[in-house]
Amino acid sequence: SLEGKVIYVYKGFETRACHVPLEVIEQTPRILQGVGADQKVISRLTDAVKSDSNFEGKAINYKKDSTPFIMYWRVLPIKIGEAIEAWVAIQREDSSI
């Protein structure tokens, strides 16, 4: 099952996160988390997804080489009728760590 897993990454993802897209496809987004991940933000995201709500937040994520970066993101449900078919995450990096 691909539920909760990455199914697509945009063209610039490899430059931003230093992961080849095939390394993250079928993985969970946790592949970008590390020791500095803010568990309060992750909990807010989890709660939003469980309640079928939008999410906005920022967090420290990690590139493949373990370099931290601050990422602002929005997570939105993609619905067909009333049913959620997938989720989309729109991400923007802030280079000021």
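Here are some short exercises on the protein above, each with a worked solution. Keep in mind that this is a predicted model.

**Exercise 1. The overall build**

Find how many helices and strands the protein has, and in which order its elements run.

*Solution.* Start by counting: the protein has three helices and three strands. Next, walk along the chain from the N terminus, and you will meet the elements as α-α-α-β-β-β. Then look at how the chain is packed: the radius of gyration is 13 Å, close to the 13 Å that the globule rule gives for 97 residues, so the protein is as compact as a globular protein of that length. To picture its extent, note that the C-alpha trace spans about 40 × 30 × 20 Å along the principal axes.

**Exercise 2. Surface and charges**

Work out what share of the residues counts as buried, and how far apart the mean positions of the positive and negative charges are.

*Solution.* First, the inside: 27% of the 97 residues count as buried. Second, the outside: the accessible surface comes to about 6,700 Å², and carbon and sulfur atoms hold 53% of that area. Third, the charges: there are 13 positive and 13 negative ones, and their mean positions are 4 Å apart.

**Exercise 3. Two residues and their contacts**

Decide whether asparagine 61 is buried or exposed, and do likewise for lysine 63.

*Solution.* Take asparagine 61, which lies in strand 1 (residues 55-62). The cut-off for buried is under 20% relative accessible area. Asparagine 61 has a relative accessibility of 6%, so it counts as buried. Now see what surrounds it: beyond neighbours within four places in sequence, asparagine 61 is in contact with residues including Leu32, Gln33 and Phe69.

Move on to lysine 63, in the loop between strand 1 and strand 2 (68-80). Its relative accessibility is 19%, so lysine 63 counts as buried too. Leaving out residues up to four places away in sequence, lysine 63 touches Arg16, Ala17, Cys18, His19, Phe69 and Glu93. Phe69 thus appears among the contacts of both asparagine 61 and lysine 63.

**Exercise 4. An aromatic pair**

Find how many aromatic pairs the whole structure holds, and describe what you find.

*Solution.* A search of the whole structure gives one aromatic pair. Its partners are phenylalanine 55 and tryptophan 73, with 5.2 Å from centre to centre and 50° between the planes, and the pair is tilted. Now place the partners: phenylalanine 55 is in strand 1 and tryptophan 73 in strand 2, so the pair ties together parts that are 18 residues apart in sequence. Finally, check their surroundings: both phenylalanine 55 and tryptophan 73 are buried.

**Exercise 5. Positive phi angles**

Look at aspartate 52 and serine 66: what is the phi of each, and where in the chain do they sit?

*Solution.* Begin with the background: most residues other than glycine have a negative phi. Aspartate 52 has a phi near 60°, a positive value in a residue other than glycine. Serine 66 also has a positive phi, near 75°.

Next, locate them. Aspartate 52 is in the loop between helix 3 (39-50) and strand 1, whereas serine 66 is in the loop between strand 1 and strand 2.

Last, compare their accessibility. Aspartate 52 has a relative accessible area of 44% and is partly exposed. The cut-off for exposed is over 50%. Serine 66 has a relative accessibility of 51%, so it counts as exposed.

Notes
Residues are numbered from 1 along each chain as its sequence is written. This is a predicted model: local features need pLDDT of at least 70, side-chain atom pairs count only at pLDDT 80 or more; totals for chains, interfaces and linings use all residues. Side-chain values use heavy atoms; hydrogens and water are left out. Helices (H or I, at least four residues) and strands (E, at least two) are DSSP runs, numbered from the N terminus. Buried means under 20% relative accessible area, exposed over 50%, partly exposed in between (1.4 Å probe, protein chains only). Contact means heavy atoms within 4.5 Å. The radius of gyration is taken over C-alpha atoms; the globule rule is 2.2 Å times the number of residues to the power 0.38. Accessible areas come from the Shrake-Rupley method with a 1.4 Å probe; for residues, only the protein chains shown count as cover. Lys and Arg count as positive and Asp and Glu as negative; His and the chain ends are not counted. The place of a charge is taken as NZ of Lys, CZ of Arg, CG of Asp or CD of Glu. Rings of Phe, Tyr and Trp (its six-membered ring) pair if their centres lie within 6.5 Å; planes under 30 degrees apart count as stacked, over 60 as edge-to-face and the rest as tilted.
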